[in-house]
Amino acid sequence: MRMTALPLLIAASLSLAHAQATHLTIYHSDDGALFSAGDGASVNAGYAVVHEPRQLTLQHGAQTLTLDGLPLYADSEALSLNFPGQAAQVLWQRLLLPQGQNAALASLVGQQVEVVGDGGQPLAAGRLQQASDNGLQIVGAQGQTTLVRNYAAVRSAVPLHAGAQLQVHLDAKRAGAADATLSYPTAGLGWHVAYIGTLQQGSACRLQLESRASVANRSGRDWQGVTLKLIAGQPNMHRNGVLQPMMMMARKGSGEADVASQSTLGDYRSFSVPGTVDLPDGSVSQSPLYANRSINCQRTTLVESGNIWNSSKPNLADYAAGEEHLNAISTLRFTAFDSLPAGNLRVLSIDRDGNAEFIGEGQLPDTPKTQPVQITLGQVFDLSATRERSAFKVDRAARQMDEAFKLQLSNAGDSTRTVTVREHPSRWRQWTVVSSSVPPSRQSTDILEFTIDVPAHGQATLDYALRYQWSAADE
């Protein structure tokens, strides 16, 4: 059975009569289903709030209207239809949800349709009684029923409504046209920031930073000519439960260089995209968030051993000595020039052929202005490190313990590498550096760091010794 419901010879569209632009407020989301390539199907993830103008034709008194074109995941418990000036009062409302892959055709049930085959030949005409996986049931003018299983298209003079529908029973004070605003939350929409940082050539660390707001629409509905607001932060949301090629957001009435303006919304940040935009269903659209800028940065090569940990009493165990191989990790650090929403930072470097090539990426958390940002880029290819304990002695009577280590750093690259060696003295909280071949560059309760220059095609060695001390009450 082959059913092709949407080549579409259906003369249909979402008939939304808007007096002004729809206002769409989309909240931050890192849900991979929204942004990953796939079949373009709708996704019940993300969160947005819609404020949608509608112009309705009312009769005087009680009546029931059907509002079409709602997204698939509109929240049935938070729909609100308001009339300025109290032109009408809503008595009750009901959300009709689309069902299955034939949801679009199901909206034509009860309407006159014509079903055609591959060659355009008519197969059946009449009132559509049912649209299901088993085919279309058509009731003809004489009352006969035809089941059509293989067809190419369906024609109808009635607009097609692929999304959910809202039935509203209301009492109108007067007949005529009335403006209303339909507000509701919905899933299927989300946004996050895509940062791209290109390291500039030269000895100083400078990062050319580009930031884009990536907006995913998997709501089951196109959004056209909307004003767009993006919310950064993590408000609590207690709920149950192949993309089109990435495109720059289609704007109306706005220059391409314009960036979003931001303000405070309660405990969060609000970004307003200039002009109006189109968000096709099954797409990820992008818009500049901040103007591109060059910022100072710091590159670090980090060799780290152990982690932060403290015993409840002095740890006197004599671990078996042996050589330990350590990874050299490349990190990038800079200071937030503004309040930066959470997002992924891809870092590029200019290769000798002039192309900017990917060298690593990391996740930025929500970062207030002037706060540090640090990401790990990856493991350094040309740098290796080994660590070995060179001495260990416990004097229980004196309540002290001495421990020494030797680290060997090797650089196979063509330039000198400055390496930060980070150690974590964790046998006891009270310790001192007795000796070191390189002076410590940083000391805290559980961190000891050394900065070492490793020459090109050469080696460097770090030797250091610690003394732990404790009292009788600590044992």
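Select N411 and V454 together with P455: in this predicted model, the side chain of N411 reaches the backbone oxygen of P455 at 3.3 Å. The backbone oxygen of V454 is also reached by the side chain of N411, again at 3.3 Å. N411 belongs to strand β28, which covers residues 400-411.

Is N411 buried or exposed? Its relative accessibility is 4%, and because buried means under 20%, N411 counts as buried. To display its surroundings, add D382, L383, T416, R417, V454, P455, A456, H457 and G458, which N411 touches when residues up to four places away in sequence are not counted.

**From β28 to β33 and β30**

Next, extend the selection to the whole of β28 and to strand β33 (residues 458-469). These two strands run antiparallel and are joined by twelve bridges. To see one position in this pairing, mark A404, which stands opposite A465 in β33.

Keep A465 selected and add strand β30 (residues 431-436). Which residue of β33 is the bridge partner of S435? The partner is A465. β30 and β33 run antiparallel, with five bridges between them.

While β28 is still in view, select R387 and F405. The charged end of R387 sits over the ring of F405, at 3.9 Å from the centre of that ring.

**The aromatic cluster**

Now hide the strands and show the aromatic side chains. The structure holds six aromatic pairs. One of them is formed by Y290 and F337, whose ring centres are 5.3 Å apart; their planes stand at 85°, so the pair is edge-to-face. Y290 lies in strand β20 (residues 283-296), while F337 lies in the loop between β23 (328-335) and β24 (343-350), so the pair ties together parts that are 47 residues apart in sequence. Both Y290 and F337 are buried.

Add W191 and F271 to this selection. Together with Y290 and F337, these residues form one aromatic cluster.

Another ring to inspect is that of W223. R221 lies over its face, at 3.8 Å from the ring centre.

**The hairpins around β8**

Move to strand β8 (residues 135-139). How many of its five residues are buried? Four of them are, and the strand is mostly covered.

Select strand β7 (residues 122-132) as well. β7 and β8 pair in the antiparallel sense over five bridges, and a hairpin joins β7 to β8 through two residues. Within this pairing, R127 has V139 in β8 as its bridge partner.

On continuing to strand β9 (residues 145-148), the viewer shows another antiparallel pairing, in which four bridges join β8 to β9. Here L136 has V148 in β9 as its bridge partner. The hairpin of β8 and β9 has five residues between the strands, and G143 in that hairpin takes a positive phi near 90°.

**A three-stranded open sheet**

Select β3, β11 and β5. These three strands form an open sheet in the order β3-β11-β5, with antiparallel pairing. Which strands stand at the edges? They are β3 (61-70) and β5 (88-96); each has a single partner strand, so one side of each is left without a neighbour in the sheet. Neighbouring strands of this sheet are turned by 20° against each other on average, direction ignored.

For a closer view of the pairing, keep β3 and strand β11 (residues 164-172) on display. They pair in the antiparallel sense over eight bridges. Mark T64 and H169: H169 is the bridge partner of T64 in β11. When viewing the side chains, the following general rule may be borne in mind: in a regular strand, side chains alternate between the two faces of the sheet.

**The last stop: N82**

Finally, select N82, which is found in strand β4 (residues 80-82). N82 has 41% relative accessibility and therefore counts as partly exposed. The side chains of N82 and S80 are joined by a polar contact of 3.2 Å.

To see what lies around N82 from elsewhere in the sequence, add D179, A180 and T181. N82 touches these residues, not counting those up to four places away in sequence. Then select L182 and look at the C-alpha atoms: N82 and L182 are 100 residues apart in sequence, and their C-alpha atoms are 6.5 Å apart in space.

Conventions: Residues numbered from 1 in each chain as written. Predicted model: local features only at pLDDT ≥ 70, side-chain atom pairs only at ≥ 80, totals over all residues. Heavy atoms only, no water. Phe/Tyr/Trp six-rings, centres within 6.5 Å; stacked < 30°, edge-to-face > 60°. Buried < 20%, exposed > 50% of the residue type's maximum accessible area, 1.4 Å probe, protein only. Lys NZ or Arg CZ within 6 Å of the ring centre and 35° of its normal. Pairing = 2+ DSSP bridges. Axes fitted to C-alpha atoms, helices over the stretch in contact; angles between N-to-C directions. Contact = heavy atoms within 4.5 Å. Polar contact = N/O pair within 3.5 Å; in protein donor to acceptor, adjacent residues only side chain to side chain.
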